[in-house]
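Me: I am new to this structure and should like to learn how to read its features. May we go through them in turn?

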Amino acid sequence: MKNKGVFEIFTFEWYSVLKDVLLNCWLLVLSAVIGFVSVYVYEQSTYEPVYTSSATLMVQVKEGTYQAYTNLSASSEMAVIFSEVFTQPSMKEKAAEYLEEDSFKGELKASALTNTNIINLSVSADDPETAYQEINAVLTVYPEISDTIFSNAVLDVVSAPEVPKAPSNSAATPYEKQIVLGAVAATLAIIVFISLIRDTVKDEKSFEKKVGINLLGTILQERDYYTLRDFIKHKKAKKLVTEAFASFSFVENYQKIATKLEYLNQSKGDKIFLITSVAANEGKTTVSVNTALTLARRGNKVALLDMDLMKPSIRKTLDVQTDNVDLAHVLSGEVSFDKYSLLPYKSSNLFLGLNKRRHGTFSDWINRPSVKETIDKIAKDYDFVIIDSMPLSVSADLTAIAGVADKSILVIKADYVKTGDINDAVLLLNRKDKLAGCILNDAHKEFTFFGQLGTDETAYSNRYSKYH
C-alpha cells in the first residue's frame with residue numbers, strides 16, 4: 001500500500017464527476033431558486049419607486065425673425081441651448097417659488113433630440129403628484145428666464161404632461177441574471193470540488209496511488225439493458241459472461257482474471273479462492289459467478305460455493321431451481337458430507353453449492369475445524385473452488401471464512417467505498433500473505449475523443465501491458 005501525498009488528494013474521473021453533477025442537479029435548481037428569491041427580496045426591500053411626468057416642447061421663431069432661422073441647423077442649436085437653460089438651478093428655484101415650496105424636490109431633465117428643434121422635458125419625484133406639479137411649474141415660469149435670453153423665440157408644448165400612473169423605474173437589478181447564474185456556478189463548483197476530493201478508488205490510476213496492492217483485473221461497467229426491448233420491459237441484463245450480448249471487454253477482462261488464477265494454481269498450488277468486498281452492493285457475487293463460469297469454460301472443473309450466509313444470491317444470479325439441501329447444513333454438520341453433492345450447472349464444468357435461505361446462526365459453527373475440513377474435501381475433486389462470501393462490513397466472522405481459503409480476493413466497486421476502509425480490509429485479508437489481490441469492479445473506460453468513436457484501443461493496451 002502507498003501513502004497519499006499532498007497533491008494526490010484530487011482524483012479526476014470524468015464519469016464520477018458527471019454522475020455527481022447529475023445526482024445533485026436538484027442542488028443546482030435549488031441554488032438558482034435561492035439566488036432568484038434572494039435578489040427579489042433584496043430588490044423589494046431596497047426599492048424606492050420613482051414617478052416621472054414628461055412633456056414634449058418645440059422651439060418656434062417669433063414673427064419678423066423668420067429669415068434669421070430658416071434652416072433646421074439653427075433651430076436644432078436653439079433647442080440644445082434651451083434644454084441647457086431648463087436644467088439651470090435658477091429654473092428650479094423659480095418653480096419652487098411658484099409652488100411656494102422651500103426647494104425643488106424632483107429631478108429635472110431636459111434633452112434635445114438630435115438634429116431637431118424638439119425638446120423632451122421630464123421631472124422625476126418620489127410621488128406622482130409632486131412630479132406633475134413641478135413639471136407644470138417649470139412650464140409656467142420658464143418664460144421669465146428664457147425671454148431674457150432669446151426674445152425672438154418661443155416654446156410650444158406639443159405634448160402636455162400628465163399625472164404618472166406607475167413608477168418609471170424598475171425594481172429589478174441590472175445584474176439579476178448574473179447573480180442567479182453565479183449562484184448556480186458556485187454550487188456546481190462545490191459539487192465538482194467535493195467529487196474531486198472524495199477519497200475513493202475511481203479508476204486504476206487512483207487504485208495504484210491509494211491502495212497499490214496487486215490488481216488482478218478491472219471490470220468495466222456493463223450495460224443495464226442489452227436491447228431496447230429489455231429497456232421497455234425493464235428487464236435488466238444478468239451481466240454474465242455466458243450472455244449473448246455481453247460485451248467483448250467484459251468477457252475478455254474475466255479471461256485475464258482467470259489466467260492469473262490459473263497461474264497462482266500452477267505456481268503456488270492455490271485452488272480455493274474466497275471473494276469478498278468491503279461493503280454490500282459492490283458486485284462480489286457477480287464477480288464470483290463470472291470468475292467461476294470463465295474458469296469452467298476454459299476446461300477447469302470448478303466448484304462455486306455460496307457462503308454469503310447473510311444474503312445468499314448465487315441461486316438467483318444464475319436462475320437455478322433446486323431441492324438440494326442447503327450448503328450451510330453440511331458445513332454446520334447437520335447433514336453428513338457423504339449425503340451431499342454439488343449441483344451441476346447446465347452442461348458445463350461448473351458445480352454449485354447453494355443456500356436457498358439466510359442462515360443467521362452461522363456464527364455458532366463457522367469457526368469449527370470441520371468447516372475447513374468440508375471445504376478441503378470438496379476441493380479434492382475440483383481444480384478450483386470459488387467461494388462467494390459476506391462483505392467485511394456485514395460480519396466480523398469473515399476472517400474465519402477466509403481461513404478456509406488458500407487466497408482471498410477483494411472486490412472494489414469504483415467510487416464507492418472510502419480508501420481508508422479498503423486499506424483496512426487489505427491489511428485484514430493479507431495476513432500471512434493470504435490476499436491474492438483486488439478486482440476493480442464497475443469501472444469506466446477512460447474518456448478520449450477517439451474512444452467515444454470506438455476507434456481508440458490505447459486504454460486496453462496500456463492496461464494490459466501495465467498489469468500483465
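Reply: The following turns take up burial, contacts and the crossing of helices. Please keep in mind that this is a predicted model.

Me: Where is threonine 294 found?

Reply: Threonine 294 lies in helix H10, which spans residues 284–297.

Me: Is threonine 294 buried or exposed?

Reply: One reads this from relative accessibility, and a value under 20% counts as buried. Threonine 294 has 2% relative accessibility and therefore counts as buried.

Me: Which residues is threonine 294 in contact with, leaving aside its neighbours within four places in sequence?

Reply: Contact means heavy atoms within 4.5 Å. With those neighbours set aside, threonine 294 is in contact with Val241, Tyr254, Gln255 and Ala258. In addition, its side chain reaches the backbone oxygen of asparagine 290 at 2.7 Å.

Me: How should aspartate 20 be read, as buried or exposed?

Reply: The same cut-off of under 20% applies. Aspartate 20, a residue of helix H1 (residues 14–23), has 9% relative accessibility and so counts as buried. Not counting residues up to four places away in sequence, aspartate 20 touches Ile191, Ser195 and Arg198.

Me: At what angle do the axes of H1 and helix H2 cross?

Reply: The axes of H1 and helix H2 (residues 25–46) cross at roughly 50° and come within 4 Å. H1 is therefore oblique to H2. The reasoning rests on the cut-offs: angles under 35 degrees count as roughly parallel, and 65 to 115 as roughly perpendicular.

Me: Which residues of H1 and H2 meet?

Reply: On the H1 side they are Val21, Leu22 and Leu23, and on the H2 side Cys25, Trp26 and Leu28. The residues of this contact divide into six nonpolar, no polar and no charged.

Me: What is the place of lysine 301?

Reply: Lysine 301 is in the loop between H10 and strand E7 (302–307). Its relative accessibility is 32%, so lysine 301 counts as partly exposed.

Me: What separates the C-alpha atoms of lysine 301 and asparagine 349?

Reply: Here one sets position along the chain beside distance in space. Lysine 301 and asparagine 349 are 48 residues apart along the chain, and their C-alpha atoms are separated by 4.9 Å. Leaving aside its neighbours within four places in sequence, lysine 301 is in contact with Asn349, Phe351, Asp381, Tyr382, Asp383 and Phe384.

Me: Which backbone oxygen does the side chain of lysine 301 reach?

Reply: The side chain of lysine 301 reaches the backbone oxygen of aspartate 381, at 3.4 Å.

Technical notes. Residues are numbered from 1 along each chain as its sequence is written. This is a predicted model: local features need pLDDT of at least 70, side-chain atom pairs count only at pLDDT 80 or more; totals for chains, interfaces and linings use all residues. Side-chain values use heavy atoms; hydrogens and water are left out. Helices (H or I, at least four residues) and strands (E, at least two) are DSSP runs, numbered from the N terminus. Buried means under 20% relative accessible area, exposed over 50%, partly exposed in between (1.4 Å probe, protein chains only). A polar contact is a pair of N or O atoms within 3.5 Å; within protein, one must be able to donate a hydrogen and the other to accept it, and residues adjacent in sequence count only if both atoms are side-chain atoms. Axes are lines fitted to C-alpha atoms, for helices over the stretch in contact, and angles run from 0 to 180 degrees between N-to-C directions. Angles under 35 degrees count as roughly parallel, over 145 as roughly antiparallel, 65 to 115 as roughly perpendicular and the rest as oblique. Ala, Val, Leu, Ile, Met, Phe, Trp, Tyr, Cys and Pro count as nonpolar, Asp, Glu, Lys and Arg as charged, and the others, Gly among them, as polar.
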